[in-house]
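Please open the model in your viewer and keep the selection panel at hand. The tour proceeds one selection at a time.

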There are 2 protein chains.
Amino acid sequence: MKTNEIISKEELLKHWQGHRSLTRRVIEAFPEKDLFEFKVGPMRPFSLMAQELISIAGPGLKGIVNRVEEPYSEKIDLKTKQEILDEWDKVTRDIDVYFNMIKEEDFHDTFNLFGEYKSPVYENLLYFIDNEIHHRGQGYVYLRALGIQPPPFWERY
Amino acid sequence: MKTNEIISKEELLKHWQGHRSLTRRVIEAFPEKDLFEFKVGPMRPFSLMAQELISIAGPGLKGIVNRVEEPYSEKIDLKTKQEILDEWDKVTRDIDVYFNMIKEEDFHDTFNLFGEYKSPVYENLLYFIDNEIHHRGQGYVYLRALGIQPPPFWERY
């Protein structure tokens with residue numbers, strides 16, 4: 001059946017979770033020490049980028065669903081790769097639950113994300129995904145600089 | 001008026017072109033020599049990444065519109081920053097024309113992009129955007145490594 005909808009809600013969720021699977025593999029690809037210490041110039045180590053992504057995705061999505069505009073905060077302070085992966089997986093499960101609570105007709109509502117970024121809900125969500133791809137791309141450079149082959153960009157299972 | 005469509009065709013085009021404006025500023029931010037020579041480990045200089053993005057976006061989109069599955073090729077060999085920016089701008093104009101030629105009801109058609117990547121059209125298009133964000137994120141690391149402040153990630157005018 002042909003539809004006029006260019007991307008469905010289910011497709012956008014699958015797209016996002018596909019990216020998250022890949023980012024998880026990038027986190028895994030870092031040696032423990034380098035995940036927390038390696039960086040280029042004035043940039044952050046990938047552990048802090050991953051914690052940013054965790055702090056945006058879960059709380060941001062819950063904010064959209066519950067219409068709560070709490071300020072962005074990185075309260076977490078994860079100390080090992082395993083702790084980051086566990087928190088990552090928790091957010092992955094939260095996303096499956098909360099994303100489905102947004103009704104199709106609400107994707108164009110204006111929401112003031114973290115009390116600071118006023119956009120339609122669909123733009124808030126695309127921003128989460130874009131920001132993840134952006135920082136993961138930076139993680140790819142870190143891995144290459146460390147002599148490690150990153151996982152293929154196009155694999156999103 | 002409320003709509004059940006989570007993202008409209010016009011919104012996706014605006015989203016893509018917003019990313020392209022930012023990527024253009026990242027190309028501009030590189031010193032001429034570093035654009036063609038600076039790289040990390042076994043990676044490519046940003047000039048080659050930009051030429052990949054040019055070679056995907058224009059021909060890929062035209063392929064989707066015309067249903068022509070020509071193999072991917074990077075025939076271009078741009079030698080200066082200005083040549084890259086000029087080609088970038090040409091593709092930007094092409095995208096405005098060709099994107100609008102895809103009908104909403106065709107976004108879920110399966111298309112064998114470059115005769116190689118069989119996906120629904122909306123996934124082909126998201127891949128173009130994702131791949132651009134990915135490589136641009138790598139460009140950010142190059143700029144930081146060169147001591148240059150990249151343009152803000154959230155500015156998409």
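**First stop: a hairpin in chain B**

Select Thr110(B) and Pro120(B): Pro120(B), in strand E2(B), is the bridge partner of Thr110(B). This is a predicted model, in which local features need pLDDT of at least 70 and side-chain atom pairs count only at pLDDT 80 or more, while totals for chains, interfaces and linings use all residues; side-chain values use heavy atoms, without hydrogens and water. Residues are numbered from 1 along each chain as its sequence is written, and chains are lettered from A and ligands numbered from 1 in the order in which they are written.

Extend the selection to residues 110–113 and 117–120 of chain B, which are strands E1 and E2. Strands (E, at least two residues) and helices (H or I, at least four) are DSSP runs, numbered from the N terminus. E1(B) and E2(B) pair in the antiparallel sense over 4 bridges; two strands pair if DSSP finds at least two bridges between them. They form a hairpin with 3 residues between them, and Phe114(B) in the turn has a positive phi of about 55°.

**Second stop: where the chains meet**

Colour the two chains separately. Here 40 residues of chain B are in contact (heavy atoms within 4.5 Å) with 40 residues of chain A. In chain B, select Ile6(B), Ile7(B) and His134(B), which lose the most area to chain A, together 19% of what that side buries. The area buried between the chains is about 3,700 Å², of which carbon and sulfur atoms give 66%; buried area is the accessible area (1.4 Å probe) that two parts lose on being put together, summed over both.

Because 100% of the interface residues of chain B are also interface residues in chain A, the copies meet through the same surface.

**Third stop: the cavities**

Which residues line the largest cavity? Select His15(A), Leu126(A), Ile129(A), Asp130(A), Ile7(B), Leu12(B), His15(B), Leu126(B), Ile129(B) and Asp130(B). A cavity is a set of points, on a 1 Å grid over the protein atoms alone, where a 1.4 Å probe fits but cannot get out; lining residues have an atom within 4 Å of a point. The largest cavity has a volume of about 70 Å³, a volume being the space filled by probe spheres set on the points, which are joined across faces, edges and corners.

Finally, select the lining of the second largest cavity, including Trp16(B), Arg20(B) and Phe128(B). About 40 Å³ of space lies there.

Definitions and conventions:
1 Å grid on protein atoms, 1.4 Å probe; cavity = no way out; pocket = protein on both sides within 12 Å on 5 of 7 lines; lining within 4 Å.
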